Amino acid sequence: MRTFIHNDVQVLATQAADAIQEVLSSVEHPVLGLATGSSPLAIYQELITRHKNGLSFGAASAFTLDEYVGLPKGHPETYAQVIRNEFTAHVDIDDARVFSPDAFGTDVEGAPARYEDAIVGAGGIDIQILGIGSNGHIEFNEPGAARDSLTRIEELALRTRQDNARFFDSIEDVPTHAITQGLGTIARARQLVLIATGEGKADAVAALARGEFDPQWPATAVAQHPNLLVLLDEAAASRISG
Ligand code: F6R
């Protein structure tokens, strides 16, 4: 795991965008893994700026990591919609090649397996952007998630729903379930870029930096990934020991 610490989030975003640009320029049909949440927003802004300056996403496909179950299709807080608004609508990626778990169709139960097949069919993820929850979740792999878990429907931890209540009128409106890529799915991406800022992430980041898988801190499932870049500000890095 390579760690880069800087207090200017723009500098962190530049590091991530450099890694993504390298994939776009070296892979014929690049496959991007996109995360939602607030942490990656600076990365998307940086990529949009680079697109305005000529960086093309025309050959790329993208897979989001998760989707709430229970929101109507098109709801502004569905992750399909959030990713569109925050990123993909502002670059030249083909909309038809931006994929999200289908939490809206008639067969929601079958959606996770179909999503796994779609990722494998696309050749796997070349570079995956990740955020991390204050409880150490990545995507909606909550504490206790199996290290080799695949895409599935998960019940959300109360703390995650509390964290995400800021996007809804009240916590009662936050869905209780989501389809999420599994820890095993995420670990199969060829490159991972995890971004975390703020003291609230410090315990989760410290667990990741210990480098051992600890089921209480799901993000530790990727700690031994051979190509993991972790971008932190000093607050998020403040409890890393050693
Ligand atoms: C990403 C996701 C979550 C967030 C995490 C951190 O698709 O669903 O794992 O990355 O909850 O969220 P923020 O960045 O808002 O602190």
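**Exercise 1. Which residue stands opposite L34 in β3?**

Before starting, keep in mind that this is a predicted model.

*Step 1.* Find the two strands. Strand β2 covers residues 31–34, and strand β3 covers residues 61–64.

*Step 2.* Check how they run. β2 and β3 are parallel, with four bridges joining them.

*Step 3.* Now read off the partner: L34 faces T64.

**Exercise 2. Place β2 and β3 in their sheet, and work out which strands stand at its edges.**

*Step 1.* Write down the strand order. The sheet is open, has seven strands and reads β1-β10-β9-β6-β2-β3-β5. Its pairing is parallel.

*Step 2.* Look at the two ends of that order. β1 (2–5) and β5 (98–99) each have a single partner strand, so each has one side with no neighbour in the sheet. Those two are your edge strands.

**Exercise 3. Trace how β4, β7 and β8 are joined, and name a facing pair for each connection.**

*Step 1.* Take β4 and β8. Residues 66–69 make up β4 and residues 177–180 make up β8; four bridges link them, and they run antiparallel. For a facing pair, pick D66, which sits opposite T180.

*Step 2.* Move on to β7, residues 152–155. This strand is also antiparallel to β8, again with four bridges. Here E155 stands opposite H177.

*Step 3.* Put it together: β8 pairs with β4 and with β7.

**Exercise 4. Describe the surroundings of the ligand, from the pocket down to single atoms.**

*Step 1.* Start with the site. The ligand takes up the space of the largest pocket.

*Step 2.* Count the shell. There are 14 residues around the ligand, and the closest are S39, D66, H137, E139 and K201. One of these, D66, is the residue you met opposite T180 in β8.

*Step 3.* Sort the shell by class. You should get seven polar, four charged and three nonpolar residues.

*Step 4.* Go through the polar contacts, using a cut-off of 3.5 Å between N or O atoms. The side chain of H137 has an N or O atom 2.7 Å from a ligand oxygen. For T36, a polar side-chain atom is 2.8 Å from an oxygen atom of the ligand. E139 brings a polar side-chain atom to 2.7 Å from a ligand oxygen.

*Step 5.* Finish with the area. On its own the ligand exposes 410 Å², and 93% of that is buried by the protein.

Technical notes. Residues numbered from 1 in each chain as written. Predicted model: local features only at pLDDT ≥ 70, side-chain atom pairs only at ≥ 80, totals over all residues. Heavy atoms only, no water. Near = heavy atom within 4 Å. Polar contact = N/O pair within 3.5 Å; in protein donor to acceptor, adjacent residues only side chain to side chain. Areas by Shrake-Rupley, 256 points an atom, 1.4 Å probe, with all protein chains shown as cover. 1 Å grid on protein atoms, 1.4 Å probe; cavity = no way out; pocket = protein on both sides within 12 Å on 5 of 7 lines; lining within 4 Å. Sits in = over half its atoms within 2 Å of the grid points. Nonpolar A, V, L, I, M, F, W, Y, C, P; charged D, E, K, R; others polar. Pairing = 2+ DSSP bridges.
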